[in-house]
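Student: Could you take me through a close look at one helix in this model, and then at the parts around it?

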Amino acid sequence: MSTHCNEEEFLPMASGRDGNGNTEKKIAMERRLGLVDGIAMIVGSIVGSGIFISPKGVLQSAGSAGLSIIVWALCGFISFVGAICYAELGTMINSSGGDYAYLGEAYGPLPAFLYLWAALLIIIPVSNAIIALAFANYILQPIWGACSPSDSAVRLVAAFAVGVLAYINCCNMRWVAKLQTVFMAAKVIALGLVISTGCIAYFIQGESRGFQKPFENTTTDSSLIALSFYSGLFSFAGWNCLNFVAEEVREPHKNLPRAIFISMPIITIVYVMTNVAYLIVLTPEEILNSSAVAVTFGDHVYSSFTWVIQVLVAISALGTLHSSIFSSSRIFFVGARNGHLPGAIALISIGNLTPIPSILFMGGLSMIMLVVTDVYVLINYTSFVEATFVAAAVGGLLWLRRKRPDVPRPIKVNLVYPIAFFVVSIFLVCFPVFSSPMEVVTAIGIIVTAIPVFYFCIARKSKPKWISSASSKCTVLCQKVFLAVPESIGEKTF
């Protein structure tokens with residue numbers, strides 16, 4: 001399913017000799033992401049608009065300030081356990097594509113294609129559209145003042161953001177990595193401002209408004225507690241982003257797990273402290289009555305300077321969108337490289353060594369989702385589908401321990417972690433079956449449509465001529481337009 005190559009074989013533009021003794025160049029994406037870049041990418045993917053919005057959902061379901069803080073800490077721990085399980089997968093299967101590559105190794109091409117199909121139609125374009133709309137809303141709010149930004153303006157700005165970031169990702173990777181570091185700094189400033197303001201408010205007030213009776217109204221309803229975890233885990237989404245670009249990480253067997261071990265505990269601590277800061281300044285009732293907790297927080301402490309918080313939240317969302325565009329485009333690239341998508345998507349720019357067709361393809365899908373009138377209704381589909389495939393990937397880790405016990409594993413976690421995370425993931429998959437059955441049925445229906453596509457267009461040895469012809473013409477056109485060629489690694493050209 002996936003292609004295994006030694007790390008040295010991924011060196012881009014390496015000179016070699018063809019059969020006639022002429023010098024030729026090997027085309028592949030560069031390993032430019034070091035430890036700092038990996039940390040910036042994980043932080044950039046996780047810390048977006050979620051931490052500035054989700055506290056309301058967690059508190060609403062938990063019922064009390066005390067339980068909501070516990071839920072946030074446990075969500076961070078659960079995400080950390082999932083991340084270290086993916087560290088084993090990412091260092092054992094040294095291929096970009098994340099879940100797509102792992103499902104292919106564990107179960108074969110059909111399950112991998114099911115994930116690719118779901119990512120194509122639901123997971124990636126919907127997630128990018130939601131993040132882009134969040135950015136547009138926050139960046140336009142200071143301009144509109146007391147009024148809400150017009151729907152047309154929001155969608156135009158969101159589309160512009162997707163287009164600009166897609167263009168940047170098509171350029172040299174040096175600029176992509178530097179920009180991600182800048183976004184990480186902006187996120188640190190935003191959360192640092194909230195935390196420090198909360199601490200100052202505590203010393204001035206001499207008390208915490210939200211913790212007067214920390215466990216009053218705590219819910220005992222298991223379904224509501226489960227919903228609080230759903231809201232909290234939504235804000236930690238993106239912990240597996242570095243696995244999607246494993247082929248571009250320097251010394252991935254070292255830097256991938258190190259980036260995870262450094263990033264996840266820090267993000268968890270910062271998230272808990274941010275929620276404590278909210279509850280120092282605001283009462284639980286004020287948080288529950290707020291549509292955007294960060295803005296309400298800003299209104300209380302900054303008054304006319306609330307726009308500072310709004311701009312910082314917008315920048316945080318933009319940084320998350322940048323990370324998503326960068327990492328998610330590699331899923332389509334690897335899928336096309338394995339013959340599961342048109343070959344044109346697997347082309348690499350000769351000049352920039354970036355998968356331009358894949359990035360533009362993904363950006364186009366995201367823009368299409370911005371046209372949908374009520375794109376937020378698709379969030380439930382996305383959450384269910386992602387939880388399903390994450391559970392399958394961690395189940396694949398357990399299966400590969402049995403199926404391929406002798407494969408080198410630079411990181412080998414204790415079996416307690418993947419088993420525990422697999423159980424939690426199964427719960428997250430099963431819970432919506434009872435709480436949102438229609439969304440689950442719709443999501444399953446979309447995934448199942450991949451099966452006839454797979455057997456008709458991919459598994460068949462004798463494909464219809466019009467499919468092969470159209471794919472060849474598209475590939476040639478993209479090669480000419482983008483000056484791109486198929487990836488060439490070592491002795492193999494994809």
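Tutor: In this predicted model, helix α14 covers residues 356–371, which makes 16 residues, and from its first C-alpha to its last it reaches 23 Å, close to the 22 Å expected at 1.5 Å a residue. The buried residues of α14 are I356, P357, S358, I359, M362, G363, L365, S366, M369 and L370. An α-helix has 3.6 residues a turn, so residues three or four places apart point the same way. The partners against which the buried residues of α14 pack are α6, α7 (151–170), α13, β3 (347–349) and α19.

Some of these elements also bear on a pocket, the second largest, which holds about 560 Å³ of space. Its lining is made up of 26 residues, with G339, L341, P342, G343 and S471 lying nearest the centre, and the elements that give two or more residues to that lining are α6 (109–144), α13 (306–337), α18 (450–459) and α19 (465–482). The largest share, five residues, comes from α19. Sorted by class, the lining of this second largest pocket has 18 nonpolar, five polar and three charged residues.

Aromatic rings deserve a look as well, since the structure holds 16 aromatic pairs. One of them joins Y86 and Y102 edge-to-face, at 5.8 Å centre to centre with 75° between the planes, and this pair links helix α4 (residues 65–92), where Y86 sits, to helix α5 (residues 99–107), which carries Y102, 16 residues apart. Y86 is buried, with a relative accessible area of 0%, and Y102, at 2%, counts as buried too. Ring pairs link Y86, Y102, W239 and F421 into a cluster.

Note on methods. Residues are numbered from 1 along each chain as its sequence is written. This is a predicted model: local features need pLDDT of at least 70, side-chain atom pairs count only at pLDDT 80 or more; totals for chains, interfaces and linings use all residues. Side-chain values use heavy atoms; hydrogens and water are left out. On a 1 Å grid over the protein atoms alone, a cavity is a set of points where a 1.4 Å probe fits but cannot get out, and a pocket is an open set with protein on both sides within 12 Å along at least five of seven lines; lining residues have an atom within 4 Å of a point. Grid points are joined across faces, edges and corners, and a volume is the space filled by probe spheres set on the points. Helices (H or I, at least four residues) and strands (E, at least two) are DSSP runs, numbered from the N terminus. Ala, Val, Leu, Ile, Met, Phe, Trp, Tyr, Cys and Pro count as nonpolar, Asp, Glu, Lys and Arg as charged, and the others, Gly among them, as polar. The expected span of a helix is 1.5 Å times one less than its number of residues. Buried means under 20% relative accessible area, exposed over 50%, partly exposed in between (1.4 Å probe, protein chains only). Contact means heavy atoms within 4.5 Å. Rings of Phe, Tyr and Trp (its six-membered ring) pair if their centres lie within 6.5 Å; planes under 30 degrees apart count as stacked, over 60 as edge-to-face and the rest as tilted.
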